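I set out to record what I looked up in this structure, entry by entry. The notes follow the order in which I consulted the model.

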Amino acid sequence: MNQQQHIRVPWGKKIAYAAPAYALAVVGIPVYVYLPKFYTDVVGINVALLGYILFSVRIFDAVTDPLIGYISDRTSSRFGRRRPYVIVGSFFIAAAMFLLFNPPQASPAFETFWFGIFIYTLFLFWTVVTVPYESLGPEITFDYHERTSLFGLRDGFLIAGTLAAASSPALIQWIFGLPDSPSGERAKFFWISVFYAPLLVGTALWCVWSIKEQSLEPPSSRLGLGSGIRQVLHNKPFVILLAAYTISAIGNNLPATLILFYVQYVLQSDLADLFLIAYFATGIIFLPAWIWISRRTGKKAAWLASMAVNSGAFLSVFFLGPGDEVIYGILVFLSGIGFGATLAI
């Protein structure tokens, strides 16, 4: 491993590794932001039931994430221990997303059942892909700054993909001239799924084809699940980081799910798409600056500063009301400055 610590990763391989993050972003904005409002306002699911399902599926994730990581660590195949999950899981994500984005017209009870089944299926296979995929990154290089560059590129692709996903409903409506009606909303999600399903599979294939896994320690030498958890709990800096990341995730996911409702019913505005695009575009623009800052101040200082900018700017949204679009837009821009670094660093 000492010989591998300072290996520089060619840009072609960095891009191939980062590419799936662009496509996987579809599980972010469309699922967290657009899909809940689509299923409540168009499909007809009770908003409280939808909230319970979304909450329960995140608890489900808390169980499946370490389980899939444990299984991936102990996988032994001629294709490696990460890449088989990335490629096979991508097909299931594509299928689950297509079915979730295109529900049949049926009773509210059937629609609720349909949403529950396929949101669970989507997040199960999203975990099957993303946990091995993100675990593959640290194994490509052991160089401290190369990892920052690699993960910065990956999360830059993620933010760019999130920006594309946030823009896709408005873009598709403009391209196809879709009406602001239930049929128009259904058509939007159909075309999103038609575009992203092959993109998910294609970028996963590119990554798996381009990245060759390194030979690390044999599966028999690795810790068991219980021993691994105990070791993690004894790593005080990691526990602190994990707690901070958990709190951050709660703070990020709640506004993400509620933003369309907030903009429409609190601000009484129809500019939600514009606000989302501005937020993610700002994150992309300022991400290289945060990478530069992290090299000079250290990752912890840069991450804490980015978190302060990202979350601090949004404190004022509690005091906004109908017609405060300009103030909200300024807050979105200020918060977006720190957004990219909260992911990458």
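**Entry 1: The largest cavity**

I began with the lining of the largest cavity, to which α1 (11-24), α4 and α7 each supply at least two residues. I note at the outset that the model is a predicted one. Which element gives the largest share of this lining? I found that α7 does, with 3 residues. I then listed the lining residues of the largest cavity: Pro20, Leu24, Val86, Ser90, Val129, Leu200, Thr203 and Ala204. Sorted by class, I counted 6 nonpolar and 2 polar residues in that lining, and no charged ones. For the volume of the largest cavity I recorded about 40 Å³. I also looked up how many cavities reach 30 Å³ or more, and the count is 1.

**Entry 2: The second largest pocket**

I turned next to the second largest pocket, for which I noted about 600 Å³ of space. The elements that contribute two or more residues to its lining are α2 (29-43), α6, α7, α9 (236-265) and α10 (272-297). I looked up how many residues line this pocket and obtained 23. Which of them lie nearest the centre of the pocket? I wrote down Lys37, Glu185, Lys188, Leu260 and Asp273. The largest share of the lining of the second largest pocket comes from α2, which provides 5 residues. By class, I recorded 12 nonpolar, 4 polar and 7 charged residues in the lining of this pocket.

**Entry 3: The nonpolar surface patch**

I then examined a nonpolar patch on the surface, with an area of about 860 Å². Its members are Phe98, Leu99, Leu171, Trp174, Ile175, Phe176, Phe190, Trp191 and Val194. I identified α4 (83-101), α6 (144-176) and α7 (182-210) as the elements that each give two or more residues to the patch. Which element gives the most? I noted α6, with 4 residues.

**Entry 4: One residue of the patch**

I chose Ile175, one of the residues of the nonpolar patch, for a separate note. I located Ile175 in helix α6. Is Ile175 buried or exposed? I entered it as exposed, because its relative accessibility is 51% and the exposed class begins over 50%.

**Entry 5: Helix α7 across the entries**

I closed by following α7 through my notes. Helix α7 provides the largest share of the lining of the largest cavity. It is also among the elements that give two or more residues to the lining of the second largest pocket, and among those that do so for the nonpolar patch.

Note on methods:
Residues numbered from 1 in each chain as written. Predicted model: local features only at pLDDT ≥ 70, side-chain atom pairs only at ≥ 80, totals over all residues. Heavy atoms only, no water. Patch = residues over 30% accessible without salt bridge, like charges linked within 9 Å, V, L, I, M, F, W, Y side chains within 5 Å. Areas by Shrake-Rupley, 256 points an atom, 1.4 Å probe, with all protein chains shown as cover. Salt bridge = Lys/Arg side-chain N within 4 Å of Asp/Glu carboxyl O. Buried < 20%, exposed > 50% of the residue type's maximum accessible area, 1.4 Å probe, protein only. 1 Å grid on protein atoms, 1.4 Å probe; cavity = no way out; pocket = protein on both sides within 12 Å on 5 of 7 lines; lining within 4 Å. Points joined across faces, edges and corners; volume = space filled by probe spheres on them. Nonpolar A, V, L, I, M, F, W, Y, C, P; charged D, E, K, R; others polar.
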